[in-house]
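Here's a quick briefing to read with the model open in your viewer. Grab a coffee and let's walk through it.

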Amino acid sequence: MAACYEQHDWIILGGTAAGRLAAQQATRSGLRVALIEPLEPETRPWAELLVSQGAALAAGTIDWRSLQRQAQWHDRLWGDQRAALAAGGVDCLVGDGLLMRHQNQWRVQLGDRLLAGRRCLLALPGRSTVPLWTERAPVAAYTPDTIAQLAHRGVRPGERWLVTADSPMAIELAQVLRGLGAQVTLAAAGDRVLGGLPAAAAEWLQAELAAQAIEVILRAAPQQCKVLEGQTWIQVGDRAREVDCLLTDGNYQALLPKGFEQLCPRAIGIGDWPANDRLQLPLAPELYGCGALLGGHPIGAIAATEAQLIIRNSLQNPIQRPHCIRYEQQPWAVRGPLPLAVVGGGEGPELRSVALTLAAGRCQIQHDRQGQLQGALLLAAGAIEAISTVAALITRSGTIADLAHLPATESPAIDLLRRTAQQALVAARSRQ
C-alpha cells in the first residue's frame, strides 16, 4: 500500500524567528503550512541577552543567575509562540525530519508523520565554529552560540581575550567583555574593523572601541597557536599574543536538514548560496532560502524581511515582477555604550554626504543631487531606533527636507539627524 502524505502548500524547515514569521504570514493568506523546527533551535538568544545588559555593565558586573532565568523564560516563550502558531492553523512539528524530493513535491518524514508540499523554505538556524587549530592548545574558545558557558565561570578581571571581528555580534560581545574588566584585543581580517561597514562608520566604530580601551588590529586574522611555558600564544598578524580566551563568530553556516546532502550534494560546504530575485535557490525546483543560507552577517531582522518577501511573492502570478529585497535599504547596527546604526552608506560620484559631530555623537547623511535620501550613519544614544526612521523615509523616496522637519523629540539621535539634515539643506541651497 502506498504511503499517504499530508498535503501542504508550504513545507518550512525553521527553528528561527524568520521561519515562524513566514509560516504565520502564509497561513493568514489562506495557505496550508507545515512548520518543522529542530530539537535545538537558535542558540543565540543567550548572547543577545548578554549584550542587552548595559545597565549592569555600568557597575562592572552581571547577575549571571538572573541572566540564566531570562534565558529559561525565553525558552518558555519560544514554546508559547509555537502553541500560538498551531492555534492559528500552522501544522507545527518538532524534530529532525528527513527531507526528500519526489516528482514535483517536497516531502518530509518525521516519525510517523508524512508531509508533502509544492514549495519548501529553508529558514534554518546557523552556527559558528571555532578554528581547528584551537584544539591543539588549552585556550578557552567560544562562539556566540556557546557563550552561555560563561555563566559557570564568569569573566575574570584582567583576563586576556582575543575576539575576531567576524560579525556585529562579535564586536558587541567584545564591548561586554571589556565592560566586565577583561583585556580585549579585536582582530579584523580586512582593512576595516567590520566588513560591510562604510568607511566613515568603520572609522567611528574603531575610535569608539579605542575609547573603551579595546585594542583593534586590522589586516590580522588569527592563524595558529602554541603553548610555551604553560602560556597560550596566538599568532595575530606579525605578532604572537598571550591569550586566555578566544571568541569567534567565523565560519557561520546553516544547520542543514537530514537528507539534504543526498538531494543537493554540490551545495555542501558552500557558505553563501546564490538566489534569484524571489530568493529561490538554484539547487532544486521550488526551493527557497533566507537568513543563514544566503550568507552575510547573521542579522535576524534582515532574515525576517527575506522570509516575508518569499511568501508575498509566492502569492503572485509567476509572470508578475517579484518584490525584491533591497539590502542597501535594510538598517543594521552594532550595539554598545554608544550604538552605531547604518542604512545605505554606499559610495559614488552621484552621492553627496554631509557630516556633523556634536557632543551627543556623530551623524552622516547621504543624498543625491535632487535631495533624495540615500543613506545615513549614526553614532549616538538612540541610534538604532532613529535609523529606522531614516530607512522608512528612504523607502518612501523621502528627502533631506523631510528629515530636517522631523518633530523634535528627546532622542539625541533624532536631534542629530535633524540638525545634520538642516546643514545639508543649507549646503544644497548654496550650490543653487
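How far apart are the end C-alpha atoms of α1, and what should its 12 residues span at 1.5 Å a residue? The ends sit 17 Å apart and the expected span is 16 Å, so the two agree; that expectation is 1.5 Å times one less than the number of residues. This is a predicted model, where local features need pLDDT of at least 70 and side-chain atom pairs count only at pLDDT 80 or more, while totals for chains, interfaces and linings use all residues. Numbering runs from 1 along each chain as its sequence is written, and side-chain values use heavy atoms, with hydrogens and water left out.

**Overall picture**
- The protein has 11 helices and 22 strands, which are DSSP runs numbered from the N terminus (helices: H or I, at least four residues; strands: E, at least two).
- For 432 residues, a compact globule would have a radius of gyration near 22 Å, and the protein agrees with 23 Å; the radius is taken over C-alpha atoms, and the globule rule is 2.2 Å times the number of residues to the power 0.38.
- The C-alpha trace spans about 75 × 70 × 40 Å along its principal axes.
- Some 49% of the 432 residues count as buried (under 20% relative accessible area, with exposed over 50% and partly exposed in between, using a 1.4 Å probe and protein chains only).
- Among contacts (heavy atoms within 4.5 Å) with a separation of 6 or more, 63% link residues 24 or more positions apart.

**Around α1**
- Thr16 sits in the loop between β1 (6–13) and α1 (17–28), and it is buried at a relative accessible area of 6%.
- Beyond residues up to four places away in sequence, Thr16 touches Glu42, Trp78, Ala123, Leu124 and Pro125.
- In α1 the buried residues include Ala18, Gly19, Arg20 and Ala22, and the buried residues of this helix pack against β1, β2 (33–37), α4 (64–87), β6 (113–122) and α8 (300–314).
- The charged end of Arg20 sits over the ring of Trp78, 3.6 Å from its centre (the rule: NZ of Lys or CZ of Arg within 6 Å of the ring centre and within 35 degrees of the ring normal).
- Gly30 follows α1 and has a positive phi, near 90°.

**Cores and α5**
- The largest nonpolar core (buried Ala, Val, Leu, Ile, Met, Phe, Trp, Tyr and Cys joined through side-chain atoms within 4.5 Å) holds 48 residues, and Trp64, Trp161, Leu186, Val193 and Leu197 touch the most other members.
- Helix α5 (residues 168–179) gives this core its largest share, seven residues.
- A second, separate core has 42 residues, including Leu13, Val90, Cys120 and Cys264.
- α5 is mostly covered, with 10 of its 12 residues buried.
- Gly181, with a positive phi near 100°, follows α5.

**Aromatic pairs**
- There are three aromatic pairs, counted when ring centres of Phe, Tyr and Trp (its six-membered ring) lie within 6.5 Å; planes under 30 degrees apart are stacked, over 60 edge-to-face and the rest tilted.
- Tyr142 and Trp161 count as stacked because their ring centres are 5.5 Å apart and their planes are at 25°.
- Tyr142 is in strand β8 (residues 140–142) and Trp161 in strand β9 (residues 160–164), so this pair ties together parts 19 residues apart in sequence.
- Tyr142 is buried at 5% relative accessible area, and Trp161 is buried at 1%.
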